Amino acid sequence: MDSRDPKALMVILLGPPGAGKGTQARRIEEEFGVPHISTGDILREHVTLETELGQKAQQYMECGELVPDQLIIDLIADRIGQPDAAEGFLLDGFPRTTRQAVVFEEFLNNRQLKLDTVLLLDVEDEQLIARISGRYLCRDCGSDINVAELESMPESCAYCDGELYQREDDREETVKNRLQVYRRQTAPLVEYYRGQGLLKKVDGSGTVEDVARRVTETLKQEQGQEA
Ligand code: AMP
């Protein structure tokens, strides 16, 4: 039996690059008190620290390809096994292939755990490209800032004054490849989770606040059903 807190949620955030998964995940983490686990963020940290995993992953990340499944499966098993994720978690960027999803399901089954919901952030391609090419990150607090929505390029982070930078793989050519990789390798997961009755589609267009409202509403309904 799954004996964890009925209010704690085990959620996957699914959606193409630029759909706003990271931005929404940071908000959900605060509001619902579940750790935001981003495989992309973990990998980027490994690359920065030049660990063995970072060195293996870097070549794939630079051209927008997926890192091999087994590396990711090991990484996620290790992260989910940590105490802060015992009651609930919010996965951003995982799973990205059917194999990852199948192995993850086995992993949860073996621990008598089950996913509560898979939230699909649905956004038109045109908006995705505009969002990614205008995306800057803060080196200090990690905030995501879209300069396309601003009148001019800010000198520093609006929240903590930290230095802003653009992700290497947010360059136009790499972005196109990342979208193709999403369609080919990750989009089939929409049907996979729909088939399991777990998929909740949320309109990801509009402002961060608009999307956050929709996401919160959907998760609260989910919590209500669980409680
Ligand atoms: P993200 O920050 O989620 O856009 O991920 C950045 C890059 O990290 C991706 O383009 C992949 O190269 C790699 N990556 C992140 N998560 C995964 C995953 N679940 N499977 C394979 N590669 C991943």
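The following exchange sets features of this predicted model against the definitions behind them.

User: What kind of model is this, and which residues count?

Analyst: The model is predicted: local features need pLDDT of at least 70, side-chain atom pairs count only at pLDDT 80 or more, and totals for chains, interfaces and linings use all residues. Residues are numbered from 1 along each chain as its sequence is written, and side-chain values use heavy atoms, with hydrogens and water left out.

User: What makes β4 and β8 a pair?

Analyst: Two strands pair if DSSP finds at least two bridges between them. Strands are DSSP runs of E, at least two residues, and helices are runs of H or I, at least four, both numbered from the N terminus. Five bridges join β4 (residues 117–122) to β8, so the pair qualifies. The two strands run parallel. Leu121 stands opposite Val202 in β8.

User: Why are β2 and β8 called edge strands?

Analyst: The open sheet has five strands in the order β2-β3-β1-β4-β8, with parallel pairing. β2 (36–38) and β8 (199–203) each have a single partner strand, so one side of each lacks a neighbour in the sheet. The twist averages 25° from one strand to the next. Axes are lines fitted to C-alpha atoms, for helices over the stretch in contact, and angles run from 0 to 180 degrees between N-to-C directions.

User: Which helices lie across strands of this sheet?

Analyst: Helix α2 (residues 39–49) lies across β2 and β3 (89–92), at about 60° to β2. Helix α8 (residues 188–195) lies across β1 (10–14), β4 and β8, at about 145° to β1. Contact here means heavy atoms within 4.5 Å.

User: How do you know that β5 and β7 pair?

Analyst: Two bridges join β5 (residues 135–138) to β7, so the requirement of at least two is met. They run antiparallel. Cys138 has Leu164 as its bridge partner in β7. The open sheet has three strands in the order β6-β5-β7. Its edge strands, β6 (144–146) and β7 (164–165), each pair on one side only.

User: What makes a residue part of the ligand shell?

Analyst: One of its heavy atoms must lie within 4 Å of the ligand. The shell has 16 residues, and the closest are Thr39, Arg44, Glu65, Gly93 and Gln100. Helix α2 gives the largest share, four residues. By class there are six nonpolar, four polar and six charged. Ala, Val, Leu, Ile, Met, Phe, Trp, Tyr, Cys and Pro count as nonpolar, Asp, Glu, Lys and Arg as charged, and the others, Gly among them, as polar.

User: Why does Gln100 count as a polar contact of the ligand?

Analyst: A polar contact is a pair of N or O atoms within 3.5 Å; within protein, one must be able to donate a hydrogen and the other to accept it, and residues adjacent in sequence count only if both atoms are side-chain atoms. An N or O atom in the Gln100 side chain is 2.9 Å from a ligand nitrogen atom, so the pair qualifies. A backbone N or O atom of Val67 lies 3.0 Å from a nitrogen atom of the ligand. For Arg167, a polar side-chain atom lies 3.1 Å from a ligand oxygen atom. The protein covers 96% of the 480 Å² of accessible area that the ligand has on its own. Such areas come from the Shrake-Rupley method with a 1.4 Å probe; for residues, only the protein chains shown count as cover.

User: What is the omega of the bond from Phe94 to Pro95?

Analyst: Omega is near -5°, and the bond is cis. Pro95 is in the loop between β3 and α5 (98–110).
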